[in-house]
Amino acid sequence: MNKLLLPIDGSSRSLRTINMVKHTFAPDQVEVVLLMVLPSPLSTEAQLGLARTDADAQRELDSFAAMLPGFRVTTALRTGTPGPEIVTYAREEGLDTLCMTRATRGFLEKMGSVATYIVKHADFLDLFILGEDGD
């Protein structure tokens, strides 16, 4: 069974990966891991009180898992910088495939920093990186 990692930040863009999984795989083909990376306590977001709490993040992950009825889904929370945390988690857990959406920053930059980091550092994974508009 293929172990499929979906990094989720809660944005509607990132949740598109859930629909991709439902339309691409049968529930018996993949084991899905939903991963949310929370900012470190020293980040600006955390310092301003804008970061999710672990409990809030877990509730979100549980609601996202419910969007995959019939699939074997586990959830995980990490704290730190998203790109490195996602790659480290995938390596530690022996995951096979990663599916995520990319944020387009402008005409010249085709991927956001997290997707770029993952492409450069996760050569051990099969990657599906979806564009914001489905490309």
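The legends below accompany a series of views of one predicted protein model.

**View 1. Overall arrangement of the predicted protein model.** Five helices and five strands make up the protein. Followed along the sequence, these elements occur in the pattern β-α-β-α-α-β-α-β-α-β. The protein has 135 residues, of which 39% count as buried. Its exposed surface is about 7300 Å², and carbon and sulfur atoms supply 52% of that area. Among contacts between residues at least 6 apart in sequence, 73% join residues at least 24 apart.

**View 2. The open sheet of five strands.** The strands are arranged in the order β3-β2-β1-β4-β5, and their pairing is parallel. At the edges stand β3 (72–79) and β5 (126–130); each has a single partner strand, so one side of each is left without a neighbour in the sheet. On average, neighbouring strands of this sheet are turned by 20° against each other, direction ignored.

**View 3. Pairing of strands β1 and β2.** Strand β1 covers residues 2–7, and strand β2 covers residues 30–38. Six bridges join the two strands, which pair in the parallel sense. Within this view, L6 stands opposite L34 in β2.

**View 4. Helix α3 against the sheet strands β2 and β3.** Helix α3 comprises residues 54–65 and lies across both β2 and β3. The helix runs at about 155° to β3.

**View 5. The largest nonpolar core.** In soluble globular proteins, nonpolar side chains tend to be buried together. The largest nonpolar core of this protein contains 21 residues. Within this core, the residues with the most contacts are V21, V32, L34 and F64. At least two residues of the core are supplied by each of β1, α1 (12–24), β2 and α3. Strand β2 gives the most to this core, namely five residues.

**View 6. The surroundings of V21.** V21 is among the residues with the most contacts inside the largest nonpolar core. Leaving aside residues up to four places away in sequence, V21 touches L4, L6, V32, L68 and F71. One of these contact partners of V21 is L6, the residue that stands opposite L34 in β2.

**View 7. The second nonpolar core.** Separate from the core around V21, V32, L34 and F64, a second core consists of 16 residues. Its members include V37, Y89, L95 and I118.

Methods
Residues are numbered from 1 along each chain as its sequence is written. This is a predicted model: local features need pLDDT of at least 70, side-chain atom pairs count only at pLDDT 80 or more; totals for chains, interfaces and linings use all residues. Side-chain values use heavy atoms; hydrogens and water are left out. Helices (H or I, at least four residues) and strands (E, at least two) are DSSP runs, numbered from the N terminus. Buried means under 20% relative accessible area, exposed over 50%, partly exposed in between (1.4 Å probe, protein chains only). Contact means heavy atoms within 4.5 Å. Accessible areas come from the Shrake-Rupley method with a 1.4 Å probe; for residues, only the protein chains shown count as cover. Two strands pair if DSSP finds at least two bridges between them. Axes are lines fitted to C-alpha atoms, for helices over the stretch in contact, and angles run from 0 to 180 degrees between N-to-C directions. A nonpolar core is a set of buried Ala, Val, Leu, Ile, Met, Phe, Trp, Tyr and Cys residues joined through side-chain atoms within 4.5 Å.
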